[in-house]
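Biologist: Hi! Could you walk me through this model while I have it open on my screen?

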Protein chains: 2
Amino acid sequence: MGAALVESIAHLRQHLTEARRSNATIGLVPTMGALHAGHVRLIEEARHECQAVAVSIFVNPLQFDREEDLRRYPRRLDEDRQLCDRFGVDLVFAPSVEEMYPVPPECTIDVGRLADHLCGKYRPGHFRSVATVVMKLFGIVRPDRAYFGEKDAQQLAIIRRLVADLNVPVQIVGVPTVREPDGLALSSRNTQLGPAERQSAIALFRALQAADRQIAGGDTDPAHVKRLAVAEIPPDNPSLRLEYLEIVDPGNMQPVPVITGPVRVAGALWVGSTRLIDNVLSAPGKRSA
Amino acid sequence: MGAALVESIAHLRQHLTEARRSNATIGLVPTMGALHAGHVRLIEEARHECQAVAVSIFVNPLQFDREEDLRRYPRRLDEDRQLCDRFGVDLVFAPSVEEMYPVPPECTIDVGRLADHLCGKYRPGHFRSVATVVMKLFGIVRPDRAYFGEKDAQQLAIIRRLVADLNVPVQIVGVPTVREPDGLALSSRNTQLGPAERQSAIALFRALQAADRQIAGGDTDPAHVKRLAVAEIPPDNPSLRLEYLEIVDPGNMQPVPVITGPVRVAGALWVGSTRLIDNVLSAPGKRSA
């Protein structure tokens with residue numbers, strides 16, 4: 001028993017034939033592996049809502065803008081598979097790069113201005129490649145529902161828009177970020193942090209919390225909120241470098257000139273040679289995160 | 001009885017629920033209406049291979065690079081529907097522009113270098129919009145097979161590549177061009193030609209035939225073949241203007257430096273204010289078209 005490991009597209013489709021014939025609801029959790037409790041939350045949600053659950057594990061080389069990041073990205077298929085077993089996943093789809101890209105794709109998903117800010121600004125081509133591989137996974141698995149973490153807020157917004165714009169028959173489910181007791185958002189990249197870096201890494205969430213409190217308290221000026229938030233990043237810590245902290249519309253990911261409703265406050269912080277991202281959804285008058 | 005006319009996406013999906021539940025093969029014939037015998041060939045092919053046949057009729061404004069062309073494009077839904085009835089179509093999907101584009105799309109299909117030549121060179125953004133609307137129709141209808149005419153060779157090559165690159169679970173069927181007795185390829189735009197223009201329009205096919213004969217006879221030099229082909233367009237006819245005539249690889253739509261295998265010879269000819277396209281598949285040693 002347990003989760004079947006499938007490496008080819010043809011086998012995956014074969015495995016799902018029976019589920020599809022019996023009109024079972026199919027849930028997909030797309031991942032890059034190195035699964036943690038945040039992924040478990042996605043799997044649990046899928047398990048709860050769907051009759052068949054597939055987890056894809058694919059470190060998509062096209063979405064890495066830095067060779068170094070691709071090389072360092074953690075890979076541990078055996079542990080991932082055991083975790084999938086434990087949480088009742090039916091199918092683990094772990095294709096090779098050659099299986100996913102027998103030739104370099106000519107047709108890709110252009111995500112328009114949704115990639116103009118936040119991570120998109122600093123990682124050229126990243127979201128084009130994310131949207132393209134997600135579209136491929138949707139075509140391969142044909143899920144009824146797909147589960148994405150809110151930690152990757154820009155990715156989630158892009159996938160939601162992709163599905164709406166192209167009438168993709170998949171329901172997108174966003175799942176709240178899972179955090180360590182001190183608030184650090186879970187991420188496969190956290191394993192790359194040394195002990196001192198791990199301590200320092202919390203600064204990003206602290207900055208987001210500061211912004212959230214300020215917005216909840218009625219501050220409508222994004223520049224002012226940002227100034228206060230950035231002050232939470234210790235300036236004397238040489239291993240920390242803030243890449244961005246922006247306050248954007250939660251739908252179209254564009255910076256807002258004035259905060260009058262819900263906004264996404266998102267940031268990217270370099271901790272040594274590891275890049276971490278996080279975000280919170282804030283609104284005037286809302287109880288703080 | 002007859003073909004049901006459906007204008008909303010929700011109704012279309014509802015209509016197809018039963019077919020899908022019973023695992024019927026669903027065929028889609030995407031069109032812009034003004035149906036002619038070329039479309040009938042597509043419908044017949046779909047009728048022959050599928051249990052349920054849907055014809056979409058949507059004049060996609062985004063793929064028109066000239067306002068004038070969009071305005072003049074023939075529209076005759078009543079006749080189209082009767083024709084669909086006559087040829088056993090189950091569903092005619094004729095959505096409004098608002099139904100297809102409630103907001104301008106942010107996510108679109110970038111078709112890469114497949115649009116660098118032929119029509120793509122002269123109609124900026126055209127194939128991006130074609131690929132995007134076809135992807136939308138695939139998401140809406142979820143067909144098992146979709147039928148496209150070979151007359152639009154670049155479009156067909158792009159759709160084939162799109163489906164391969166994004167693992168779209170739709171089988172693409174290319175259907176040979178239907179021609180008038182004198183060889184003119186059927187096109188909805190032919191109705192825009194005056195009697196004298198209709199006579200002159202055959203020059204495009206004559207040019208393609210000349211190229212085809214030359215290639216079949218062993219000429220491997222695209223420039224030379226092109227020179228001979230272009231000579232078939234009467235230079236003294238002021239209503240004719242050749243936009244392009246190119247010899248390309250049938251898969252990636254790139255010009256070939258030497259003709260060593262099958263090639264697509266494609267051209268666009270302006271006849272008065274109407275733009276016509278046509279193409280033939282040629283190969284060294286192949287019997288002429």
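Modeller: Sure, what follows is a chat about the sheets, the helices and the contact between the chains. Keep in mind that this is a predicted model.

Biologist: Good to know. How are chain A and chain B related?

Modeller: A turn of 180° with a shift of 0.0 Å along the axis lays chain A on chain B, with an RMSD of 0.0 Å. The two copies are thus related as by a two-fold rotation axis.

Biologist: Which residue of chain A comes closest to that rotation axis?

Modeller: That is A:Ile109, with its C-alpha at 2.5 Å from the axis.

Biologist: And how many residues does each chain put into the contact?

Modeller: Chain A gives 26 residues and chain B gives 26 residues. On the side of chain A that touches chain B, the elements giving two or more residues are α1 (9–21), β5 (108–110), α7 (126–141) and α8 (153–165) of chain A. The largest share of that side comes from α7(A), with 5 residues.

Biologist: Do the copies meet through the same surface or different ones?

Modeller: They meet through the same surface, because 100% of the interface residues of chain A are also interface residues in chain B.

Biologist: Nice. Let's switch to sheets in chain B. What is the strand order in the one with 6 strands?

Modeller: The order is β1-β4-β3-β2-β6-β7 in chain B, and the sheet is open with parallel pairing. Its edge strands are β1 (4–6) and β7 (171–175) of chain B, each of which pairs on one side only. From one strand to the next, the twist averages 25°.

Biologist: How many bridges join β1(B) to β4 of chain B?

Modeller: There are 3 bridges, in the parallel sense, between β1(B) and β4 (residues 91–93) of chain B. As an example to click on, B:Val6 has B:Phe93 in β4(B) as its bridge partner.

Biologist: Which strands of that sheet does α7(B) touch?

Modeller: α7(B) packs on the sheet by touching β2 (26–31), β3 (52–57) and β6 (145–149) of chain B, and its direction makes about 150° with that of β2(B). Helix α8 (residues 153–165) of chain B lies across β6 and β7 of chain B, at about 165° to β7(B).

Biologist: Tell me more about α7(B). How far does it reach?

Modeller: α7 of chain B (residues 126–141) has 16 residues and spans 22 Å from its first C-alpha to its last, close to the 22 Å expected at 1.5 Å a residue. Of its 16 residues, 15 are buried, so α7(B) is largely enclosed by the rest of the structure. Just after α7(B), B:Arg142 takes a positive phi of about 50°.

Biologist: Which residues touch the most other members of the largest nonpolar core?

Modeller: In that core of 166 residues, they are A:Ala131, A:Leu162 and B:Ala131. Leaving out residues up to four places away in sequence, B:Ala131 touches A:Cys107, B:Ile109, B:Val111, B:Ile158 and B:Leu162.

Biologist: What about the sheet with 3 strands?

Modeller: That open sheet has the order β8-β9-β10 in chain B, with antiparallel pairing. β8 (240–248) and β10 (274–282) of chain B are its edge strands, and the twist averages 15° from one strand to the next. Helix α10 (residues 203–216) of chain B packs on the sheet and touches β8, β9 and β10 of chain B; its direction makes about 20° with that of β10(B).

Biologist: And the pairing of β8(B) with β9 of chain B, over how many bridges does it run?

Modeller: It runs over 8 bridges, with β9 covering residues 263–271 of chain B. One pair there is B:Leu242 with B:Leu269 in β9(B).

Biologist: Back to helix α10. Is B:Ala210 buried or exposed?

Modeller: B:Ala210, which is found in helix α10 of chain B, is buried, because 20 other C-beta atoms lie within 10 Å and 20 or more is the cut-off. Beyond four places in sequence, B:Ala210 touches B:Leu228, B:Ala229 and B:Glu232.

Biologist: Last one: how does A:Leu77 compare with the cut-offs, buried or exposed?

Modeller: A:Leu77 is partly exposed, with 14 other C-beta atoms within 10 Å. A:Leu77 sits in helix α4 (residues 77–86) of chain A and touches A:Gly33, A:Ile57 and A:Ala94, not counting residues up to four places away in sequence.

Notes: Residues numbered from 1 in each chain as written. Chains lettered and ligands numbered in written order. Predicted model: local features only at pLDDT ≥ 70, side-chain atom pairs only at ≥ 80, totals over all residues. Pairing = 2+ DSSP bridges. Helix = DSSP H or I, 4+ residues; strand = E, 2+ residues; numbered from the N terminus. Axes fitted to C-alpha atoms, helices over the stretch in contact; angles between N-to-C directions. Contact = placed C-beta atoms within 7 Å. Buried ≥ 20, exposed ≤ 12 C-beta atoms within 10 Å, placed from the backbone. Expected span 1.5 Å × (residues − 1). Least-squares fit on C-alpha atoms with pLDDT ≥ 70 in both. Core = buried A, V, L, I, M, F, W, Y, C linked by C-beta atoms within 7 Å.
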